[in-house]
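Me: Please take a close look at one part of this protein for me: its charged side chains. I would like to know which of them pair up, which stay on their own, and how well covered they are.

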Amino acid sequence: MPDPETAVRVANALRHRLSLLQALTANSPFWRGVDSGLASARTAVVHSYPRFEMPRAFRDYEDFCRVADQLIAAAGVEDYTFIWWDVRPHPRLGTVEVRGMDVPTSPATSVAVAALIQALAAKEIDRPDTPELTREALEESCYQASRYGLAARLLVDEETAAEASEVATSTLEEIRPYARELGSEDALAEIERILRDGNGADDQRRVHGASGMDGLLGYLLERTRAGERQA
């Protein structure tokens, strides 16, 4: 980020993209060997821990520091790196850190999501137009994404919701010029594949239905190894 105030503004804006990122990366439908009914059981688990949540929007960098300092004191932790919000400014590195996704099986998916986030941030710096949506509404969209994955309906503006796959398609069109400028446009092909074939949760349920849990574990291992070989 070019400066602290821009970092806060971008972090505020990326809160509105978290539900889409969760829908794309949902990859933990099973919990303790049983289908949880969620596309991302991992999201439900980590949000039961302290300081794992979506932050509110901050007025400016000073407001962020005030909230962080009070939370550090209340939690009795060393510094702001123990505040595990879904998205947060990272002053020590001069970046914005986006944490509110599931863990992909394939490294290619991780690369694609990183490229998408970078392009979203670049777009926000260049042409900010984030709608004014409440934290409560954004959190509900995130729940819908963790529950239904790409079939979730996500809030687009104050009155409109659309299926996650539609939101993803329009988002790709919106940020593609920024990805091209950053040299990461090719990585977005993996996002397009996810929209065609389904996310990780969809893959896992298909494999589990055909081969059971042993087959699913073998599939996940091979997917990760194949990604490592390609890298």
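Reply: Happy to, and it helps to begin with burial: buried means under 20% relative accessible area, exposed over 50%, and partly exposed in between, using a 1.4 Å probe and protein chains only. This is a predicted model, so local features need pLDDT of at least 70 and side-chain atom pairs count only at pLDDT 80 or more, while totals for chains, interfaces and linings use all residues. Residues are numbered from 1 along each chain as its sequence is written, and side-chain values use heavy atoms, with hydrogens and water left out.

Let us start with the pairs. Side chains of opposite charge can pair when their charged atoms come close. For a salt bridge, a side-chain nitrogen of Lys or Arg must lie within 4 Å of a carboxyl oxygen of Asp or Glu. The structure holds 19 of these salt bridges.

One of them joins Arg9 and Glu124, whose side chains meet at 3.7 Å, N to O. This pair links distant parts of the chain, 115 residues apart: Arg9 belongs to helix H1 (residues 4-14) and Glu124 to helix H5 (residues 107-126). Helices (H or I, at least four residues) and strands (E, at least two) are DSSP runs here, numbered from the N terminus. Arg9 has 31% relative accessibility, so Arg9 counts as partly exposed, whereas Glu124 is buried because its relative accessible area is 7%.

Glu53 and Arg135 form a salt bridge too, with 3.1 Å between their closest N and O atoms. Here again distant parts of the chain are linked: Glu53 sits in the loop between helix H3 (41-46) and H4, Arg135 in helix H6 (residues 135-148), and 82 residues separate them. With a relative accessible area of 27%, Arg135 is partly exposed; Glu53, at 34%, counts as partly exposed.

In the salt bridge of Arg88 with Glu97, the distance is 2.6 Å, N to O. Arg88 has just 4% relative accessibility and therefore counts as buried, while Glu97 is partly exposed at 22%. There is also a network of salt bridges, which links Arg56, Arg59, Asp63 and Arg66.

Now for charges without such a partner. Lys and Arg count as positive and Asp and Glu as negative; His and the chain ends are not counted. Arg51 is found in the loop between H3 and H4 and counts as buried because its relative accessibility is 18%. Even so, Arg51 has no salt bridge, and the nearest side chain of opposite charge, Glu53, is 8.5 Å away. What Arg51 does have is a polar side-chain atom 2.7 Å from the backbone oxygen of Phe82.

Asp86, in the loop between helix H4 (61-75) and strand S3 (87-90), is another buried charge without a salt bridge: Arg99, its nearest side chain of opposite charge, is 6.6 Å away. The side chain of Asp86 does make a polar contact of 3.2 Å with that of His47. Such a contact is a pair of N or O atoms within 3.5 Å; within protein, one must be able to donate a hydrogen and the other to accept it, and residues adjacent in sequence count only if both atoms are side-chain atoms.

Two of the arginines deserve a glance at their backbone as well. Most residues other than glycine have a negative phi. Arg51, however, has a positive phi near 70°, and Arg32 has a positive phi near 55°. Arg32 lies in the loop between strand S1 (30-31) and strand S2 (34-35), and its 75% relative accessibility is why Arg32 counts as exposed.

Last comes the surface. Glu132, Asp157, Glu158 and Glu159 gather there in a patch of negative charge. Residues in a charged patch have over 30% relative accessible area and no salt bridge, with like charges joined within 9 Å. One of the four, Glu159, falls in the loop between strand S5 (153-155) and strand S6 (161-163). Glu159 has a relative accessible area of 77%, so Glu159 is exposed.

Note on methods
Patches are made of residues with over 30% relative accessible area and no salt bridge: like charges are joined within 9 Å, nonpolar side chains (Val, Leu, Ile, Met, Phe, Trp, Tyr) within 5 Å. Accessible areas come from the Shrake-Rupley method with a 1.4 Å probe; for residues, only the protein chains shown count as cover. The place of a charge is taken as NZ of Lys, CZ of Arg, CG of Asp or CD of Glu.
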